[in-house]
Amino acid sequence: MADPIALSARDLGYRISRKPILQDINLDIPAGSISALLGPNGAGKTTLLKLLAGLRSASAGVVRIDGIAVSSIPPAERARTLAFVPQHIPDGIPLSVFEFIALGRVPHLGAFGRLAAGDRDAVCDALETVELGDKAEVRLDTLSGGERQRAAIARALAQSAPILLLDEPTNHLDLRHQHKLQQLLVRLAESGKTVIEVLHDLALAANYADHVVLIDHGRLVADGSPEQVMREDCLRAVYECPLRLVRHAPRGWHMEMPQAA
Ligand SMILES: Nc1ncnc2c1ncn2[C@@H]1O[C@H](COP(=O)(O)OP(=O)(O)OP(=O)(O)O)[C@@H](O)[C@H]1O
């Protein structure tokens, strides 16, 4: 039986002014798995992630969740369905780390907008998961780049949405936290959540993703399992560099970049 589909894009296109940013994207994101969006700078990964999340309106085509156009889902319901982790959290947010992560609970709050015990528990669990329990009361602004990125991930976890979209979630993280995050995403996918993440680290994608989506110049080059998509010839053409992808075991890939002669 085919894998159930969480999200589908059909004939998706996006233009800014008259410039095409994404064209003719047809894609099924399998449910309960990790999909990695890959491609060089400017390929259109963030744009595609935002379209899948319903944060941007397509110029052409449609994104559907369970057959329903994501653009037609009311914002609160959409926020209970999809949690989005942006690439950057801006400076100047006048909140403590706890208050910031508690924003993830907003779509679940009742008429008076107060956190119930269950909401507080969800925030505390998310804080502990990203190892920021000791920073709960400090201002978000005072966190380091990697800590702030973990706070943004915690906010999305607190949102308890079945679909989690993350834009370069490891770009500020140290090596241990990069792998810890990927292991967390694997556990979330095993528990039934659908994870879609933009990654630049091809080895992380090969080691942890179930499904890889390769984008170049606003078009879908290939999608499928890492074994199907992450072939050296294809990656070299897209990334325009003589990379080598070395595989030691079923889940033991690393990248090598030969020095220029
Ligand atoms: N507001 C904008 N105005 C004009 N062009 C834009 C705008 N936002 C994005 N673009 C262009 O759209 C293209 C795709 O951008 P996008 O951020 O989706 O790429 P990306 O693959 O995520 O890149 P990166 O890996 O560098 O983050 C780029 O060429 C970018 O310059």
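## Exposure, sheet, core and ligand shell in a predicted model

Gln259 counts as exposed because 5 C-beta neighbours lie inside 10 Å, and a residue is exposed if it has 12 or fewer. The structure discussed here is a predicted model. Gln259 is placed in the segment after strand 12 (253-256), and its C-alpha lies 9.8 Å from that of Leu243, a residue 16 positions apart from Gln259 in sequence.

Two loop residues can be set beside each other, since both have a positive phi without being glycine. Asp66 sits in the loop between strand 4 (60-65) and strand 5 (68-69), whereas His217 sits in the loop between strand 9 (211-216) and strand 10 (219-224). Asp66 is exposed because it has 11 other C-beta atoms within 10 Å, while His217, with 15 such neighbours inside 10 Å, is therefore partly exposed.

| Residue | Phi | C-beta neighbours and class |
|---|---|---|
| Asp66 | near 50° | 11 within 10 Å, exposed |
| His217 | about 50° | 15 inside 10 Å, partly exposed |

Strand 4, which precedes the loop of Asp66, belongs to an open sheet of four strands in the order 2-1-4-5, with antiparallel pairing. The edges of this sheet are strand 2 (19-30) and strand 5, each of which pairs on one side only. Strand 1 (residues 5-16) is joined to strand 4 by five bridges in the antiparallel sense, and within strand 4 it is Val62 that stands opposite Arg10. Strands of a sheet pair through backbone hydrogen bonds, either parallel or antiparallel.

Helix 1 lies across strand 1, strand 2 and strand 4, and runs at about 125° to strand 1. Helix 1 (residues 45-52) also gives the most to the shell around the ligand, contributing three residues. The ligand is surrounded by Ile16, Ile21, Gly39, Asn41, Gly42, Ala43, Gly44, Lys45, Thr46 and Thr47; by class, this shell holds three nonpolar, six polar and one charged residues.

The largest nonpolar core has 74 residues, and those with the most contacts inside it are Leu52, Ile101, Ala154, Leu165 and Ala205. Helix 5 (residues 145-158) supplies the largest share of this core, namely seven residues. When neighbours within four places in sequence are left aside, Ala154 is in contact with Ile101, Ala126, Leu127, Thr129, Val130 and Leu132. In soluble globular proteins, nonpolar side chains tend to be buried together.

Technical notes:
Residues are numbered from 1 along each chain as its sequence is written. This is a predicted model: local features need pLDDT of at least 70, side-chain atom pairs count only at pLDDT 80 or more; totals for chains, interfaces and linings use all residues. Helices (H or I, at least four residues) and strands (E, at least two) are DSSP runs, numbered from the N terminus. A residue is buried if 20 or more other C-beta atoms lie within 10 Å of its own, exposed if 12 or fewer, and partly exposed in between; C-beta atoms are placed from the backbone. A nonpolar core is a set of buried Ala, Val, Leu, Ile, Met, Phe, Trp, Tyr and Cys residues joined through C-beta atoms within 7 Å. Two residues are in contact if their C-beta atoms, placed from the backbone, lie within 7 Å. A residue is near a molecule or strand if its C-beta atom, placed from the backbone, lies within 6 Å of it. Ala, Val, Leu, Ile, Met, Phe, Trp, Tyr, Cys and Pro count as nonpolar, Asp, Glu, Lys and Arg as charged, and the others, Gly among them, as polar. Two strands pair if DSSP finds at least two bridges between them. Axes are lines fitted to C-alpha atoms, for helices over the stretch in contact, and angles run from 0 to 180 degrees between N-to-C directions.
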